[in-house]
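Trainee: Could you take me closely through one part of this model, the nonpolar core and what surrounds it, and keep the reasoning explicit as you go?

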Amino acid sequence: MIGNFNKDFVHAGIFPKEISRKISRAQEVRHASDYDDFYIVSIEEAREQLETAREVVDMVEKYLRSAE
């Protein structure tokens, strides 16, 4: 999914490359928290991921509104 998002939206210039990096980082943290036995997400990492999620949702909402 991330690969398709990057191909269709980031490489096409619809969303900035920075958002792709943030999404990839969120996936890394999620994977580590799910599969690494002793990984504990810090409060700062959780805040960072929440901010990334808000940023992505905001960008997608703006894009969808402009496409109407």
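**The nonpolar core and its surroundings**

Mentor: The largest nonpolar core of this predicted model is made of seven residues, namely I2, F5, V10, F15, I19, I23 and V56. Two elements, α1 and α2, each give two or more residues to this core, and the largest share, three residues, comes from α1. As a general background, nonpolar side chains tend to be buried together in soluble globular proteins.

Before going into detail, it is worth asking how far the coordinates can be trusted. The mean pLDDT of the protein chain is 93, and 100% of its residues reach 70 or more. Among the elements of the chain, α2 has the lowest mean pLDDT, at 92, while α3 has the highest, at 95. The general caution is that predicted coordinates should not be read in detail where pLDDT is low.

Let us begin with α1, which spans residues 2-10. The buried residues of this helix are I2, F5, N6 and V10. They cover an arc of only 100 degrees around the axis, which places them on the same side of α1. The general geometry is helpful here: an α-helix has 3.6 residues a turn, so residues three or four places apart point the same way. As for the partner of this buried set, the buried residues of α1 pack against α2, the helix that covers residues 17-35.

Within α1, F5 deserves a closer look. F5 is found in helix α1 and is buried, because its relative accessible area of 18% falls under the 20% cut-off. Leaving aside neighbours within four places in sequence, F5 is in contact with V10, F15, I19 and I23, and each of these four names also appears in the list of core residues. For a sense of scale along the chain, F5 and E44 are 39 residues apart in sequence and 26 Å apart in space, C-alpha to C-alpha.

V10 has its own set of contacts: with neighbours within four places in sequence again set aside, V10 meets F5, F15, P16, K17, I19 and S20. One of these, S20, lies in helix α2 and counts as buried at 12% relative accessibility. Beyond four places in sequence, S20 touches N6 and V10, and both N6 and V10 belong to the buried residues of α1.

Another contact of V10, P16, sits in the loop between α1 and α2. P16 is partly exposed, with a relative accessible area of 40%, and, not counting residues up to four places away in sequence, P16 touches V10 and M59.

The aromatic residues add a further layer to the picture. A search of the whole structure finds five aromatic pairs. One of them joins F9 and Y63 in an edge-to-face arrangement, with 5.8 Å centre to centre and 80 degrees between the planes. Because F9 lies in helix α1 and Y63 in helix α3 (residues 43-66), this pair ties together parts that are 54 residues apart in sequence. Both rings are partly exposed, F9 at 24% relative accessibility and Y63 at 30%. Ring pairs link F5, F9, F15 and Y63 into a cluster, and of these F5 and F15 are also listed in the core.

Two further sites bring in α3 and the loop that precedes it. Q49 is found in helix α3 and counts as buried at 16% relative accessibility; beyond four places in sequence, Q49 touches R25, A26 and V29. V29 is also among the residues touched by Y39, together with A32, S33 and E45, under the exclusion of residues up to four places away in sequence. Y39 lies in the loop between α2 and α3 and counts as partly exposed at 25% relative accessibility. The side chain of Y39 makes a polar contact with the side chain of E45, at 2.8 Å. Y39 and V29 are 10 residues apart in sequence and 9.2 Å apart in space, C-alpha to C-alpha, whereas P16 and Y39 are 23 residues apart in sequence and 30 Å apart in space, again C-alpha to C-alpha.

Methods. Residues numbered from 1 in each chain as written. Heavy atoms only, no water. Phe/Tyr/Trp six-rings, centres within 6.5 Å; stacked < 30°, edge-to-face > 60°. Helix = DSSP H or I, 4+ residues; strand = E, 2+ residues; numbered from the N terminus. Buried < 20%, exposed > 50% of the residue type's maximum accessible area, 1.4 Å probe, protein only. Contact = heavy atoms within 4.5 Å. Polar contact = N/O pair within 3.5 Å; in protein donor to acceptor, adjacent residues only side chain to side chain. Arc of directions from axis to C-beta. pLDDT = per-residue confidence, 0-100. Core = buried A, V, L, I, M, F, W, Y, C linked by side-chain atoms within 4.5 Å.
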